[in-house]
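The following exercises concern a single protein chain and its predicted model. Each task is followed by a solution in steps.

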Amino acid sequence: EAQEFALELDRPELYRMYLEENIQDFMKDYWEQTFFAFSGEIQECVPDRLYIGNQFCHNLFPEKKQLFQMLEKAFENKLAVTIAFTYVRDNLLEETEKLLQELQVWCQGKEQEVSKQQVATKEQKGSRKQPAMEIIVNDWAMPALLHGKPHLKPVLGVLLNKRRKDVRL
């Protein structure tokens with residue numbers, strides 16, 4: 001299996017920087033801001049995948065409009081995407097479910113767009129990767145929310161605990 005170069009966008013200043021700059025300039029600025037010691041060729045490497053969001057703080061998750069702008073830009077740059085959610089809070093359950101449904105619809109729309117392009121250019125099916133999105137699972141509620149959304153692929157996160165939460169404990 002080939003290795004994948006992934007980049008994490010986990011805070012508002014990185015979201016803004018990614019949206020405002022072209023991918024080459026963004027990469028140079030990203031390395032300068034996050035890892036001061038890196039220079040040279042690594043600054044010019046374009047990632048294969050973006051991790052968008054923060055697994056540890058729900059307040060650092062991008063606004064919906066900003067999230068979809070980043071998804072559009074990633075799609076244009078042919079980058080795979082993983083969305084990083086924290087554990088699902090009870091008061092954000094409905095909002096998270098709506099967002100996941102919107103992500104599913106977005107992926108379906110992009111899949112249709114890719115299929116039309118393949119037909120128009122007589123490109124062989126499967127030669128271009130179909131849009132699917134990974135969703136980091138950090139809570140037992142997330143697999144249930146992802147059920148019935150085939151374009152959203154669950155990936156085990158770092159916060160998932162083996163034990164289900166029980167209010168009586």
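**Exercise 1. Determine which helix gives the most to the lining of the largest pocket, and characterise that lining.**

Solution. Step 1: helix α4, residues 93-120, gives the most to the lining, with five residues; helices (H or I, at least four residues) and strands (E, at least two) are DSSP runs, numbered from the N terminus.

Step 2: the volume of the largest pocket is about 420 Å³. On a 1 Å grid over the protein atoms alone, a pocket is an open set of points where a 1.4 Å probe fits, with protein on both sides within 12 Å along at least five of seven lines, and lining residues have an atom within 4 Å of a point. Grid points are joined across faces, edges and corners, and the volume is the space filled by probe spheres set on the points.

Step 3: 19 residues line this pocket, and the closest to its centre are His 58, Phe 61, Leu 92, Glu 95 and Leu 99.

Step 4: by class, the lining comprises eight nonpolar, five polar and six charged residues. Here Ala, Val, Leu, Ile, Met, Phe, Trp, Tyr, Cys and Pro count as nonpolar, Asp, Glu, Lys and Arg as charged, and the others, Gly among them, as polar.

The model is predicted: local features need pLDDT of at least 70, side-chain atom pairs count only at pLDDT 80 or more, and totals for chains, interfaces and linings use all residues. Residues are numbered from 1 along each chain as its sequence is written, and side-chain values use heavy atoms, with hydrogens and water left out.

**Exercise 2. Describe the secondary structure of the protein chain and the pattern that it follows along the sequence.**

Solution. Step 1: the protein chain has five helices and five strands. Step 2: along the sequence, these follow the pattern β-α-α-β-α-β-α-β-α-β.

Step 3: of the contacts (heavy atoms within 4.5 Å) with a separation of 6 or more, 61% join residues 24 or more positions apart.

Step 4: of the 169 residues, 38% count as buried, where buried means under 20% relative accessible area, exposed over 50%, and partly exposed in between (1.4 Å probe, protein chains only).

**Exercise 3. Is Asn 54 buried or exposed? Place the residue and list its contacts.**

Solution. Step 1: Asn 54 belongs to the loop between β2 (49-53) and α3 (64-76). Step 2: Asn 54 counts as buried because its relative accessibility is 10%.

Step 3: a polar atom of the Asn 54 side chain lies 3.2 Å from the backbone nitrogen of Cys 57. Step 4: apart from neighbours within four places in sequence, Asn 54 contacts Asp 10, Tyr 15, Leu 60, Ala 84, Phe 85 and Thr 86.

**Exercise 4. Assign Phe 26, Glu 72 and Lys 78 to their accessibility classes, and describe the surroundings of Phe 26 and Glu 72.**

Solution. Step 1: Phe 26, in helix α2 (residues 23-34), has 0% relative accessibility and therefore counts as buried. Leaving aside neighbours within four places in sequence, the contacts of Phe 26 are Leu 7, Leu 9, Leu 14, Met 17, Tyr 18 and Glu 21.

Step 2: Glu 72, in helix α3, counts as partly exposed because its relative accessibility is 28%. Not counting residues up to four places away in sequence, Glu 72 touches Trp 106 and Lys 110. Glu 72 and Lys 110 are 38 residues apart in sequence, with a C-alpha to C-alpha distance of 9.4 Å.

Step 3: Lys 78, in the loop between α3 and β3 (80-84), counts as exposed because its relative accessibility is 64%. Although not a glycine, Lys 78 has a positive phi of about 60 degrees.

Definitions and conventions: A polar contact is a pair of N or O atoms within 3.5 Å; within protein, one must be able to donate a hydrogen and the other to accept it, and residues adjacent in sequence count only if both atoms are side-chain atoms.
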